[in-house]
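Trainee: I'd like to go through the labels on this one and hear the reasoning behind each.
Mentor: Sure, fire away once it's on screen.

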Amino acid sequence: MIQVENLTKAFGPKVAVDDVSFSVQRGEILGFLGPNGAGKSTTMRMITGYIPPTAGVVKVGGNDVTEKPIEAKRLMGYLPESAPLYTDMTVEGFLGFCAEVRGIRDADKSKAIDRAIDMCFLKSVRHQSVDTLSKGYRHRTGFAQAIIHDPDILVMDEPTDGLDPNQKQEVRSLIRRMGQSKAIIFSTHILEEVEAACTRAIIIDQGKVVANGTPNELKAKSELANSYTVSVSGTEAASVRDKLGSVIQSSKVTIVNDKPPTVVARVFPKSADGEGELGRAIFDIASQNNWKVSEIKKEEGRMDDIFRNITLPDTQAQ
Amino acid sequence: MKSIWTITKRELAGYFNSPVAYVFLVIFLLMTGAFTFLIGQFMDRNQATLQAFFMWHPWIYLFLVPAVGMRLWSEERRLGTMELLLTMPISLWHCIIGKFLASWLFLTLALVMTFPIWITVNYLGDPDNTVIVASYIGSFFLAGAYLSITSMTSAFTRNQVISFILSVVICLFLVLCGWPPVTDVVEPLAPRWIVEFVAASSVMTNVEQFNNGQIDSRAVIYFLSVIGFPLFATSVIIRGLRA
């Protein structure tokens with residue numbers, strides 16, 4: 001549904017988005033991750049046709065956004081960053097305006113408004129003026145505007161920014177529900193959100209795509225992925241390190257915590273340890289040495305870990 | 001066409017949703033009345049014309065039209081709603097024209113509300129109503145010309161005050177460059193054709209035609225270009241903002 005090919009945007013000498021390519025199909029929810037200023041918003045603005053790209057092509061439902069902007073924009077719903085709204089209108093009036101601009105009129109219009117208000121839990125503020133709304137309601141009004149025409153494609157710039165935890169949860173489940181029949185792109189810098197809602201994630205840093213995969217694939221790239229954390233007592237840290245270090249499958253052992261009588265060690269595998277051989281080997285060592293194992297846990301890898309590893313070196317350099 | 005009307009409706013409602021519209025209408029009517037009767041000495045003239053009424057319009061509009069139009073685009077920029085509007089499936093031109101029409105309609109409403117003076121002059125005497133109609137048309141075009149300039153200056157900046165001041169300055173130039181007290185001073189200093197050319201591009205010279213009861217095609221073309229060019233500039237500025 002969305003195809004982005006070699007997209008580049010330069011503001012003067014500063015390259016905000018640098019040769020970005022990806023695509024999103026129906027039924028996919030793409031999480032767009034990156035530190036502040038990485039080029040997430042700029043990319044989304046180019047996809048939605050707000051700013052023209054310096055180079056590259058964006059195709060939405062087969063329509064080139066630069067050449068056929070109206071056709072492309074018709075297929076998309078867009079929630080810009082910080083959800084801008086006309087503050088002098090009521091929620092209902094604003095949604096009605098957005099529906100009309102999109103060519104939805106008369107009976108269809110009131111149906112579309114009702115549907116959007118229902119989906120975004122706006123019933124209680126329906127006739128309220130936008131400038132009297134709390135941040136959460138404003139955000140949901142912006143969200144309602146984006147789905148007023150039940151678009152095939154949804155582009156959202158930080159849709160959960162500024163919401164309280166319950167509202168975040170609501171918006172995430174809304175995105176998940178809609179993601180079954182639509183193509184969705186949303187940006188965020190909340191990593192748990194990516195795990196909770198996305199089918200795929202792209203990490204962008206300094207205008208470049210630095211990682212692209214399912215949340216599980218990304219997590220597997222984490223240093224921690226497939227390592228084992230072992231808590232044992234009845235021994236000493238040095239001995240734990242030596243004994244576990246002698247396991248063939250392990251590449252490295254670190255002591256995470258050494259508070260007698262408990263020692264917490266992390267054992268990293270030499271290669272991806274699919275069968276759990278390293279785990280069995282750790283158990284063997286523990287029983288041979290009469291350690292009392294209170295906990296052994298296989299790490300899945302963490303999103304924040306991979307995010308830091310990929311994006312931190314640049315930030316530190318600055 | 002429908003999308004233009006949707007934009008226009010929203011903008012117009014925006015005026016009436018706030019006190020701005022009512023404050024403006026009251027001030028406009030008070031000012032036109034005060035200028036006509038107190039300074040223009042409508043009664044003492046003892047003439048069945050509305051000259052004392054229309055002669056002040058270029059000056060009254062100079063401040064009131066920029067006040068009406070200053071928010072057109074600067075407000076969109078300040079609120080960030082421009083991003084919303086321009087990612088809707090409508091062309092930039094529809095937005096520009098829709099917004100412009102809304103303000104122009106509002107100013108037309110203000111102008112129409114001056115009808116009691118027309119009734120007054122018809123009650124007191126026997127005026128040439130064709131001249132009055134022509135003058136009203138001239139005033140309508142004049143408001144459009146100022147407004148179009150304000151549309152352009154409001155696209156420049158997210159600050160309404162700057163938009164207002166820029167617009168007043170540009171409109172003032174268009175007034176002064178054809179106003180006899182100024183042209184008389186400049187005349188000996190520059191070649192005659194330059195003075196004539198500049199004077200011909202003044203709103204004063206052109207609105208005068210209408211006030212004399214003539215609807216001259218040249219004056220009509222003049223006003224249409226003074227409306228058209230700044231609207232075109234508005235689109236260039238907005239496109240430039242996004243590039």
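Trainee: Is Glu100(A) buried or partly exposed, and what makes it so?
Mentor: Keep in mind that this is a predicted model. Glu100(A) has 9% relative accessibility, and buried means under 20%, so Glu100(A) counts as buried.

Trainee: What makes the contact of Glu100(A) and Lys109(A) a salt bridge?
Mentor: Their side chains come to 2.7 Å, N to O, and the cut-off is within 4 Å, so the pair qualifies. Arg105(A) also meets Glu100(A) in a salt bridge, at 3.9 Å.

Trainee: Why is Lys109(A) called partly exposed?
Mentor: Lys109(A) has a relative accessible area of 22%. Partly exposed runs between under 20% and over 50%, so Lys109(A) fits that label. Arg105(A), at 22%, is partly exposed too.

Trainee: How do you know that Asp88(A) and Arg71(B) form a salt bridge?
Mentor: The closest N and O atoms are 3.7 Å apart, which is within 4 Å, so the pair counts. Asp88(A) sits in the loop between β6 and α3 of chain A and Arg71(B) in helix α6 of chain B, so the pair joins two chains.

Trainee: Why is Arg71(B) called buried?
Mentor: Arg71(B) has 16% relative accessibility, and the limit is under 20%, so Arg71(B) is buried. Asp88(A), at 25%, is partly exposed.

Trainee: Which helix supplies the largest share of the nonpolar patch?
Mentor: That's α2(B), with 3 residues. Ile39(B) is in this helix, and the patch also includes Tyr123(B) and Leu124(B).

Definitions and conventions:
Residues are numbered from 1 along each chain as its sequence is written. Chains are lettered from A and ligands numbered from 1 in the order in which they are written. This is a predicted model: local features need pLDDT of at least 70, side-chain atom pairs count only at pLDDT 80 or more; totals for chains, interfaces and linings use all residues. Side-chain values use heavy atoms; hydrogens and water are left out. Patches are made of residues with over 30% relative accessible area and no salt bridge: like charges are joined within 9 Å, nonpolar side chains (Val, Leu, Ile, Met, Phe, Trp, Tyr) within 5 Å. Accessible areas come from the Shrake-Rupley method with a 1.4 Å probe; for residues, only the protein chains shown count as cover. Helices (H or I, at least four residues) and strands (E, at least two) are DSSP runs, numbered from the N terminus. Buried means under 20% relative accessible area, exposed over 50%, partly exposed in between (1.4 Å probe, protein chains only).
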